[in-house]
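Hi,

Here is the structure I promised to pass on. Have a look at it first, and then read on for what turned up when I went through it.

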Amino acid sequence: MTFLHAGLAAAGLAAVAIPIIIHLISRRRRRPVEWAAMRFLMEAFRKHRRRLQFEQLLLLATRCLVVLLLGLALARPLLERADFAPAAAGRTVFLVLDDSVTSQVRVGDNSAFEQHIDQARAIVETLSAEDMVGLVTASRPAQGRVVPPSSDHGAIGRLLDTLEPNDAPADLPEALRVAGRAVDDMPADRDGAVVYLLSEFR
């Protein structure tokens, strides 16, 4: 087992010493003061001494356990064995790509569309094998090119190579709605999605 915050786990273990120290301090012997009825109290104390010692040790153990569990909980343990930890479902990324007439504007040496394609490739390259990618083009009518999302990153790259800008205007609201519906239709074991809007519109 590992911990997301190992320092908090160590602090929790160290904090277990606090109730032990308090227990030892409270047990320091004090000089008894003799008084008349003390003999009867001492006899009663001797009769119940073992039970009192057991109760004190039980209370000490409970306090130590509470402090330890609190420290471990704050450290957020990560179970490494597959028997106990659910398999990571990976991330889901949707690329909303503006391929409309406005994407043909020149930005430096390249067109805005070429820059969008380069950005899309860079995003896909950062993903792990478990991550899934969806692609929506924003020129009217907006289309879900890869919906539902796919884990075949190579196919996504090849599709990006074939895309070309067209003369239709952009419909970014509808493109985002297409991506939103795809997110709503995702399996329950996948935890939400990230949507990248690649467009010159601000």
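Let me start with a proline: P141 sits in the loop that runs between β6 and β7. The peptide bond leading into P141 from R140 is cis, with omega near -5°. There is another cis bond, this one between V147 and P148, with omega about 5°. P148 belongs to strand β7. For background, most peptide bonds are trans. Please keep in mind as you look at these spots that this is a predicted model.

Now the overall picture. The protein chain carries 7 helices and 8 strands. It has 202 residues, of which 28% count as buried. If you take the contacts in the chain with a separation of 6 or more, residues 24 or more positions apart make up 76% of them.

**The sheet**

Four of the strands come together in an open sheet, and going across it you meet β7, β6, β3 and β8 in that order, with mixed pairing. The edges are β7 (143-150) and β8 (194-198), each of which pairs on one side only. From one strand to the next, the twist averages 15°.

Strand β3 is a good place to zoom in. On one side, β3 (residues 92-97) is joined to β6 (residues 132-137) by 6 bridges, and the two run parallel. F94 is the residue that stands opposite G134 in β6. β3 also runs parallel to β8, with 5 bridges between them. There, V93 stands opposite V194 of β8.

So how much of β3 is buried? The strand is mostly covered, with 6 of its 6 residues buried. In a regular strand, side chains alternate between the two faces of the sheet. For β3, that puts T92, F94 and V96 on one side and V93, L95 and L97 on the other, and both sets are buried.

**The helix on the sheet**

Helix α5 (residues 112-125) packs on this sheet and touches β3, β6 and β8; its direction makes about 175° with that of β3. α5 has 14 residues and spans 20 Å from first C-alpha to last, close to the 20 Å expected at 1.5 Å a residue.

Which residues of α5 are buried? They are A112, F113, H116, I117, A120, I123 and V124. Looking down the axis of α5, these buried residues fall within an arc of 140°, so they line one face of the helix. As for what they pack against, the list is β3, β4 (106-107), β5 (110-111), β6, α6 (153-162) and β8.

**D98 and S199**

This pair is worth pulling up on your screen. D98 lies in the loop between β3 and β4, while S199 is in the segment after β8. Their side chains are joined by a polar contact of 2.9 Å.

Are these two residues buried or exposed? D98 has a relative accessibility of 1%, and S199 has a relative accessible area of 8%. The cut-off for buried is under 20%, so D98 counts as buried and so does S199.

Leaving out residues up to four places away in sequence, S199 touches D98, H116 and L172. On the same basis, D98 touches S103, F113, H116, A138, A170, L198, S199, E200 and F201. H116 appears in both of those lists, and it is one of the buried residues of α5.

**Over in α2**

One last spot to look at is I20, which is found in helix α2 (residues 17-26). I20 counts as partly exposed, at 34% relative accessibility. It touches L60 and C64, again not counting residues up to four places away in sequence. I20 and C64 are 44 residues apart along the chain, yet their C-alpha atoms are separated by 7.6 Å.

That's the tour. Shout if you'd like to go through any of it together.

Cheers

Key. Residues are numbered from 1 along each chain as its sequence is written. This is a predicted model: local features need pLDDT of at least 70, side-chain atom pairs count only at pLDDT 80 or more; totals for chains, interfaces and linings use all residues. Side-chain values use heavy atoms; hydrogens and water are left out. Two strands pair if DSSP finds at least two bridges between them. Axes are lines fitted to C-alpha atoms, for helices over the stretch in contact, and angles run from 0 to 180 degrees between N-to-C directions. Contact means heavy atoms within 4.5 Å. The expected span of a helix is 1.5 Å times one less than its number of residues. Buried means under 20% relative accessible area, exposed over 50%, partly exposed in between (1.4 Å probe, protein chains only). The arc is that of the directions from the helix axis to the C-beta atoms. A polar contact is a pair of N or O atoms within 3.5 Å; within protein, one must be able to donate a hydrogen and the other to accept it, and residues adjacent in sequence count only if both atoms are side-chain atoms.
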